[in-house]
Amino acid sequence: IAVIPEYQGKGVAKKLNDLFLEEAKKRGKKIVTLTVRDKNKRAIAFYEKMGWKELFREKKSICYVKYLEVS
(Lines give C-alpha, C1' and ligand atoms only; values in the text may rest on other atoms or scores of the structure.)
Protein backbone atom coordinates (compact mmCIF):
# COMPACT_ATOMS: atom_id res chain seq x y z
CA ILE A 1 0.00 0.00 0.00
CA ALA A 2 1.29 3.44 -0.84
CA VAL A 3 -0.02 6.97 -0.55
CA ILE A 4 0.41 9.13 -3.63
CA PRO A 5 2.61 12.19 -3.06
CA GLU A 6 -0.13 14.82 -3.07
CA TYR A 7 -1.82 13.07 -0.13
CA GLN A 8 1.31 12.39 1.91
CA GLY A 9 1.55 14.26 5.19
CA LYS A 10 -2.23 14.64 5.43
CA GLY A 11 -3.05 11.72 7.73
CA VAL A 12 -4.01 9.26 5.01
CA ALA A 13 -1.30 6.73 5.90
CA LYS A 14 -2.24 6.90 9.59
CA LYS A 15 -5.89 6.27 8.75
CA LEU A 16 -4.94 3.29 6.53
CA ASN A 17 -2.68 1.93 9.29
CA ASP A 18 -5.44 2.31 11.89
CA LEU A 19 -8.06 0.67 9.66
CA PHE A 20 -5.73 -2.22 8.89
CA LEU A 21 -5.00 -2.84 12.57
CA GLU A 22 -8.68 -2.51 13.49
CA GLU A 23 -9.65 -5.10 10.86
CA ALA A 24 -6.87 -7.46 11.97
CA LYS A 25 -8.16 -7.25 15.54
CA LYS A 26 -11.74 -7.93 14.39
CA ARG A 27 -10.47 -11.06 12.68
CA GLY A 28 -8.81 -12.19 15.90
CA LYS A 29 -5.21 -11.67 14.76
CA LYS A 30 -2.65 -11.31 17.52
CA ILE A 31 0.36 -10.53 15.34
CA VAL A 32 0.66 -8.66 12.03
CA THR A 33 3.70 -8.00 9.89
CA LEU A 34 4.65 -5.79 7.00
CA THR A 35 7.68 -5.39 4.79
CA VAL A 36 9.20 -2.15 3.55
CA ARG A 37 12.15 -1.41 1.27
CA ASP A 38 15.18 -0.42 3.34
CA LYS A 39 15.68 2.75 1.27
CA ASN A 40 12.17 4.03 1.97
CA LYS A 41 13.21 6.21 4.91
CA ARG A 42 9.92 8.09 5.09
CA ALA A 43 7.89 4.87 5.41
CA ILE A 44 10.34 3.45 7.96
CA ALA A 45 10.04 6.57 10.11
CA PHE A 46 6.23 6.41 9.83
CA TYR A 47 5.97 2.74 10.83
CA GLU A 48 8.30 3.23 13.78
CA LYS A 49 6.29 6.27 14.89
CA MET A 50 3.15 4.10 14.71
CA GLY A 51 4.73 1.56 17.06
CA TRP A 52 5.83 -1.10 14.59
CA LYS A 53 9.00 -2.95 15.69
CA GLU A 54 11.71 -4.21 13.39
CA LEU A 55 11.65 -8.00 13.28
CA PHE A 56 14.44 -8.72 10.78
CA ARG A 57 16.22 -7.48 7.67
CA GLU A 58 16.58 -9.46 4.49
CA LYS A 59 18.38 -8.32 1.36
CA LYS A 60 16.89 -4.87 0.65
CA SER A 61 13.86 -5.02 2.91
CA ILE A 62 12.89 -4.75 6.55
CA CYS A 63 10.14 -6.80 8.14
CA TYR A 64 8.18 -5.09 10.92
CA VAL A 65 5.85 -6.67 13.46
CA LYS A 66 3.04 -5.37 15.63
CA TYR A 67 1.50 -7.33 18.48
CA LEU A 68 -2.20 -6.68 18.87
CA GLU A 69 -4.42 -6.77 21.92
CA VAL A 70 -7.45 -8.76 20.94
CA SER A 71 -10.59 -7.95 22.93
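What share of the contacts in the protein chain with a separation of 6 or more comes from residues 24 or more positions apart? Such residues account for 53% of them, where contact means heavy atoms within 4.5 Å.

Before starting, note that this is a predicted model, in which local features need pLDDT of at least 70 and side-chain atom pairs count only at pLDDT 80 or more, while totals for chains, interfaces and linings use all residues. Residues are numbered from 1 along each chain as its sequence is written, and side-chain values use heavy atoms, with hydrogens and water left out.

**The whole chain**

Display the backbone first. The protein chain has two helices and three strands, arranged α-β-α-β-β from the N terminus on. Helices (H or I, at least four residues) and strands (E, at least two) are DSSP runs, numbered from the N terminus. Along the principal axes, the C-alpha atoms fill a box of roughly 35 × 30 × 15 Å. Of the 71 residues, 25% count as buried; buried means under 20% relative accessible area, exposed over 50%, and partly exposed in between (1.4 Å probe, protein chains only).

**The strands**

Select residues 31-37, strand β1. Its side chains alternate: Val32, Leu34 and Val36 point to one face and are buried, whereas Ile31, Thr33, Thr35 and Arg37 point to the other face and are not buried.

Add residues 61-67, strand β3, which runs antiparallel to β1 and is joined to it by seven bridges. Two strands pair if DSSP finds at least two bridges between them. Val32 has Lys66 as its bridge partner in β3.

Next add β2 (53-58). Five bridges join β2 to β3, and these strands are also antiparallel; Arg57 is partnered by Ile62 of β3. In the hairpin of β2 and β3, two residues lie between the strands, and Lys59 takes a positive phi near 50 degrees.

**The nonpolar core**

Show Val32, Val36, Tyr47, Trp52 and Tyr64 as sticks; these have the most contacts inside the largest nonpolar core, which has 13 residues. The elements giving two or more residues to this core are α1 (12-26), β1, α2 (41-49) and β3. A nonpolar core is a set of buried Ala, Val, Leu, Ile, Met, Phe, Trp, Tyr and Cys residues joined through side-chain atoms within 4.5 Å. In soluble globular proteins, nonpolar side chains tend to be buried together.

Centre the view on Tyr64. Not counting residues up to four places away in sequence, Tyr64 touches, among others, Val32, Leu34, Val36, Ile44 and Trp52.

**Asn17 and Gly51**

Move to Asn17 in helix α1. Is Asn17 buried or exposed? Asn17 is buried, because its relative accessible area is 6%. Beyond four places away in sequence, Asn17 touches Phe46, Met50 and Trp52.

Then select Gly51, in the loop between α2 and β2. Gly51 counts as partly exposed because its relative accessible area is 28%. Gly51 and Lys66 are 15 residues apart in sequence, and their C-alpha atoms are 7.3 Å apart in space.

**The largest pocket**

Finish with Ile1, Ala13, Ala43, Phe46 and Tyr47, which lie nearest the centre of the largest pocket among its 26 lining residues. The elements that give two or more residues to this lining are α1, β1 and α2, with the largest share, six residues, coming from α1.

Technical notes: On a 1 Å grid over the protein atoms alone, a cavity is a set of points where a 1.4 Å probe fits but cannot get out, and a pocket is an open set with protein on both sides within 12 Å along at least five of seven lines; lining residues have an atom within 4 Å of a point.
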